[in-house]
Amino acid sequence: MKIQWKNIEKSDQNMIESWMSESDRHNLCMDEQDWATTARGIYECLKDMRNGKFYEVMGYVDSCPAVALMLGVEESGNALNLYNIIVNPLFRGRGIASQVISEVLGDQNALSINKTYSQIKVFTRPQNKTMKKILLAQGFSTPIQDGEFLFYKKDLTKKNIKEQGR
């Protein structure tokens, strides 16, 4: 499935909000704030970091919004954090989240992210079994408990990058 990417605009944020169930909100740590507030908070944290960069993008399949992401480059450009991913309910169960993570990991930089980073990090809630399954299938580390979250990482050595291109 071909995904076309564009930056999220203010007008997109209400649509993204409509995709979220109560469970989604909990898994995305948005029980008490919305997508826009979360994005603004992450942006504010990253904007003053050396080589920090925030990405808030929407993926379209056949001109229909299918997935939204929040990503950020941090640690002086050495790490990419996948903060949030939400799939439009009309597209769930079709492998969109797995495809998106493959695209983030791959050499075909569809998201136009400056690849200065050598690892990708993801924190999830332990209840988010779908994300755990996706991350482990993509070769992320076995999760480590970090407070109320599970921490996953994937080092992107040249060998790993070469294998991901297959």
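**Briefing: a seven-stranded sheet and its helices**

Asn 51 sits in the loop that links helix H3 (35-46) to strand E2 (53-61). The model is predicted. The protein has six helices and seven strands, and the strands form an open sheet with mixed pairing. E2 serves here as a guide through the fold, from the loop before this strand to the hairpin after it.

**Overall build**

- Read from the N terminus, the elements follow the pattern β-α-α-α-β-β-β-α-β-α-β-β-α.
- The radius of gyration is 15 Å, close to the 15 Å that the globule rule gives for 166 residues, so the protein is as compact as a globular protein of that length.
- The C-alpha trace spans about 40 × 35 × 30 Å along its principal axes.
- Of the 166 residues, 47% count as buried.
- The accessible surface comes to about 9100 Å². Carbon and sulfur atoms hold 48% of that surface.
- Among contacts with a separation of 6 or more, 58% come from residues 24 or more positions apart.

**The sheet**

- Strands of a sheet pair through backbone hydrogen bonds, either parallel or antiparallel.
- Across this sheet, the strand order is E1-E2-E3-E4-E5-E7-E6.
- Strand E1 (4-7) and strand E6 (144-146) are the edges, and each of them pairs on one side only.
- From one strand to the next, the twist averages 30°.
- At the E1 edge, E1 and E2 run antiparallel and are joined by four bridges. In this pair, Trp 5 has Gly 59 of E2 as its bridge partner.
- E2 and E3 also run antiparallel, with nine bridges between them. Here Glu 56 stands opposite Met 70 of E3.
- At the E6 edge, three bridges join E6 to strand E7 (residues 149-155), and the two run antiparallel. One bridge partner of Asp 146 lies in E7: Phe 149.

**Strand E2**

- Eight of the nine residues of E2 are buried, so this strand is largely enclosed by the rest of the structure.
- In the strand order, E2 stands between E1 and E3.
- Both H3 and H4 lie across E2.

**Helices over the sheet**

- H3 lies across E2, E3 and strand E4 (79-87). Relative to E3, H3 runs at about 25°.
- Helix H4 (residues 96-105) lies across E1, E2, E3, E4, strand E5 (119-124) and E7. Its angle to E4 is about 160°.

**Two loop residues with positive phi**

- Asn 51 has a phi near 65°, a positive value in a residue other than glycine.
- Asn 51 counts as partly exposed because its relative accessibility is 47%, and partly exposed covers values between 20% and 50%.
- Asp 62 lies in the loop between E2 and strand E3 (64-74). Its phi is near 50°, again positive in a residue other than glycine.
- Asp 62 counts as exposed because its relative accessibility is 74%, and exposed means over 50%.
- E2 and E3 form a hairpin with two residues between the strands, and this is where Asp 62 takes its positive phi.

Methods:
Residues numbered from 1 in each chain as written. Predicted model: local features only at pLDDT ≥ 70, side-chain atom pairs only at ≥ 80, totals over all residues. Heavy atoms only, no water. Buried < 20%, exposed > 50% of the residue type's maximum accessible area, 1.4 Å probe, protein only. Pairing = 2+ DSSP bridges. Axes fitted to C-alpha atoms, helices over the stretch in contact; angles between N-to-C directions. Contact = heavy atoms within 4.5 Å. Rg over C-alpha atoms; globule rule 2.2 N^0.38 Å. Areas by Shrake-Rupley, 256 points an atom, 1.4 Å probe, with all protein chains shown as cover.
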